[in-house]
Amino acid sequence: MAKIIEEVSRTFSEYLLIPRLTGTKHQSKNISLRAPVARFKKGEESSLFINIPFVTASMQSVSGSDMAVALARQGGLAFIFCSQSIEAQAAMVDKVKLHKAGFVQSDSNLRPDNTLQDVLDIRKKTGHSTMPVTNDGSKNDLFVGILTDKDFWEFEDDLNRPVSEFMTAKENVFFAEAGISLHEANQLLRKHKKECLPILDSDGRLQALVFKRDYYDHMNNPAELLDSHKRLVVGAGINTHDYKERVPALVEAGVDVLCLDASDGYSEFQKEAALWIRERYPNVVIGGGNVVHTDAFRYLVEEAQVDFVKVGIGGGSICITREQKGIGRGQASALMAVAEERDRYYEETGTYIPLCSDGGLSNDTQIIIALAMGADFVMMGRYFAMTNESPTPRVSIGGRIYKPYWGEGSNRAKNWQRYNQGASETGFKFEEGIDGYVPVVGSVKEVLDVTISKIKATMCNMGSLTVKEFADNALLTRISEQSFIEGGTSNVLSLDKDAPREV
């Protein structure tokens with residue numbers, strides 16, 4: 001007969017933290033949110049850290065190249081979604097890697113014979129007002145000049161006239177040669193009072209652009225996540241069906257982390273895929289999952305040899321796997337069980353396996369509880385889907401601005417490779433995700449600033465300076481329904497809901 005786990009399956013909202021001693025050193029400015037992504041041995045360091053404990057779900061409505069750039073600049077990591085063609089996913093990864101710490105590959109380029117109307121069309125599409133002019137209009141051809149919005153008057157000049165009549169020709173453009181450091185490039189911008197510095201190779205071909213605004217952007221985002229070549233770090237989701245074709249293309253594009261994307265990762269398919277990748281690309285970080293129990297954790301770590309493990313089945317805001325298939329576990333129970341097994345594995349072997357808590361996070365408080373329960377970092381979909389940088393278009397509903405948001409288990413996603421239900425490219429036999437809308441709340445930076453402030457404030461209350469110390473120091477208490485009610489506001493007048501009226 002079936003075995004029963006007697007413990008009730010619990011969620012993050014059923015727990016509160018008990019404050020610990022706050023010392024004089026426990027101030028937000030002293031706190032580090034750095035978290036390991038790859039397994040490491042005792043006494044050593046992980047080969048990859050993220051500077052804030054946030055990664056995106058590998059979803060069509062969440063993780064495009066714009067999201068990956070925005071999150072890496074804040075210190076986190078995005079996983080480009082795999083439910084698209086190999087070529088399209090590799091192109092997204094390539095686009096992120098082209099953001100080399102201020103050396104930008106231009107995607108708004110002109111030929112000398114392009115018209116001003118072409119310029120306006122490109123500006124409308126990309127938002128860029130500075131455009132290099134190359135011989136054939138490609139990003140790395142012979143540089144012949146540059147055009148900015150200061151070089152012509154949109155409503156006065158004839159828009160059918162060619163760019164060559166308005167651009168600043170190469171002989172009048174201040175540029176630098178390839179090989180210059182970013183610091184040197186910024187010093188030249190400052191010395192010559194320029195907004196943009198083209199970087200050319202010895203043959204005069206355009207290699208990159210350096211902008212003054214990017215210097216300020218970097219100074220405002222000191223935690224940005226960079227690889228050894230000063231490029232932004234990016235991840236990608238993969239499946240267990242076409243990985244032999246997909247992975248080589250992603251590695252060629254420069255991907256840093258691969259994550260096997262499945263609703264249930266306790267499978268021989270994941271083992272075979274992970275070992276195939278490990279043998280051929282030993283330097284690429286590999287994540288596996290999802291799991292909710294200790295046996296599955298051990299299997300992925302020992303048999304599949306993954307670097308990190310994702311924990312969670314059915315807890316996502318648009319996931320209905322539990323409802324449809326009856327599998328899963330309350331996210332708090334799953335995370336605590338796997339974290340305990342992770343710590344036991346570390347004691348036995350001296351190897352630490354980072355954990356990613358995926359799902360069940362509906363607010364900032366639950367993110368905090370997940371970190372306290374042992375997650376090294378959290379993966380979220382809805383949280384990032386609501387930001388300006390998610391790849392879906394804005395829509396107006398009832399006077400408010402929303403973005404579409406759908407699960408990878410929905411028919412809209414057509415991500416049949418992620419699920420084991422006999423589905424095919426023609427569609428699912430049943431859905432494990434829904435299709436809906438989420439409100440737009442601002443930029444990635446804006447929403448993360450608030451969440452990170454809350455995490456650091458809580459860590460001060462818990463007498464902790466690092467995420468690991470936070471989990472080690474955490475003292476949690478279960479709460480009753482009345483405790484939950486008591487924690488909210490009561491017996492006060494809310495001006496938003498109950499504004500008084502004159503009588």
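A crossing of two helices is called right-handed if the near helix is turned clockwise from the far one by less than a right angle. I begin with that because the crossing of H7 and H8 in this structure, which is a predicted model, is right-handed.

Let me stay with those two helices for a moment. H7 and H8, the latter covering residues 294-303, pack with their axes 10 Å apart and at an angle of about 25°. Angles under 35 degrees count as roughly parallel, and H7 and H8 are therefore described as roughly parallel to each other. On the H7 side the contact is made by Glu268, Gln270, Lys271 and Leu275, and on the H8 side by Tyr299, Leu300 and Glu303.

Now to the aromatic residues. How many aromatic pairs does a search of the whole structure find? There are 9 aromatic pairs, and I will take you through two of them. In one, Phe40 and Tyr352 are tilted with respect to each other, with 5.2 Å from centre to centre and 35° between the planes. This pair links distant parts of the chain, since Phe40 belongs to strand S3 (residues 40-41) and Tyr352 to strand S17 (residues 351-352), 312 residues apart. Phe40 counts as buried, because its relative accessibility is 18% and the cut-off for buried is under 20%; Tyr352, at 5%, counts as buried too.

The other pair I want to show is Tyr243 with Trp276, which is edge-to-face, with 5.5 Å between the centres and 70° between the planes. Tyr243 lies in helix H6 (residues 243-253) and Trp276 in helix H7 (residues 268-280), so the pair ties together parts of the chain that are 33 residues apart in sequence. Both Tyr243 and Trp276 are buried.

Returning to Phe40, I should add that this residue, Tyr346 and Tyr352 form one aromatic cluster. A ring also takes part in a different kind of arrangement elsewhere in the model: Arg34 lies over the face of Phe49, at 3.7 Å from the ring centre.

Finally, a word on Asn186, which is found in helix H4, residues 182-192. Is Asn186 buried or exposed? With a relative accessibility of 16%, Asn186 counts as buried. If we leave aside the neighbours within four places in sequence, Asn186 is in contact with Val210 and Tyr215.

Conventions
Residues are numbered from 1 along each chain as its sequence is written. This is a predicted model: local features need pLDDT of at least 70, side-chain atom pairs count only at pLDDT 80 or more; totals for chains, interfaces and linings use all residues. Side-chain values use heavy atoms; hydrogens and water are left out. Helices (H or I, at least four residues) and strands (E, at least two) are DSSP runs, numbered from the N terminus. Buried means under 20% relative accessible area, exposed over 50%, partly exposed in between (1.4 Å probe, protein chains only). Contact means heavy atoms within 4.5 Å. Rings of Phe, Tyr and Trp (its six-membered ring) pair if their centres lie within 6.5 Å; planes under 30 degrees apart count as stacked, over 60 as edge-to-face and the rest as tilted. A charge sits over a ring if NZ of Lys or CZ of Arg is within 6 Å of the ring centre and within 35 degrees of the ring normal. Axes are lines fitted to C-alpha atoms, for helices over the stretch in contact, and angles run from 0 to 180 degrees between N-to-C directions. Angles under 35 degrees count as roughly parallel, over 145 as roughly antiparallel, 65 to 115 as roughly perpendicular and the rest as oblique.
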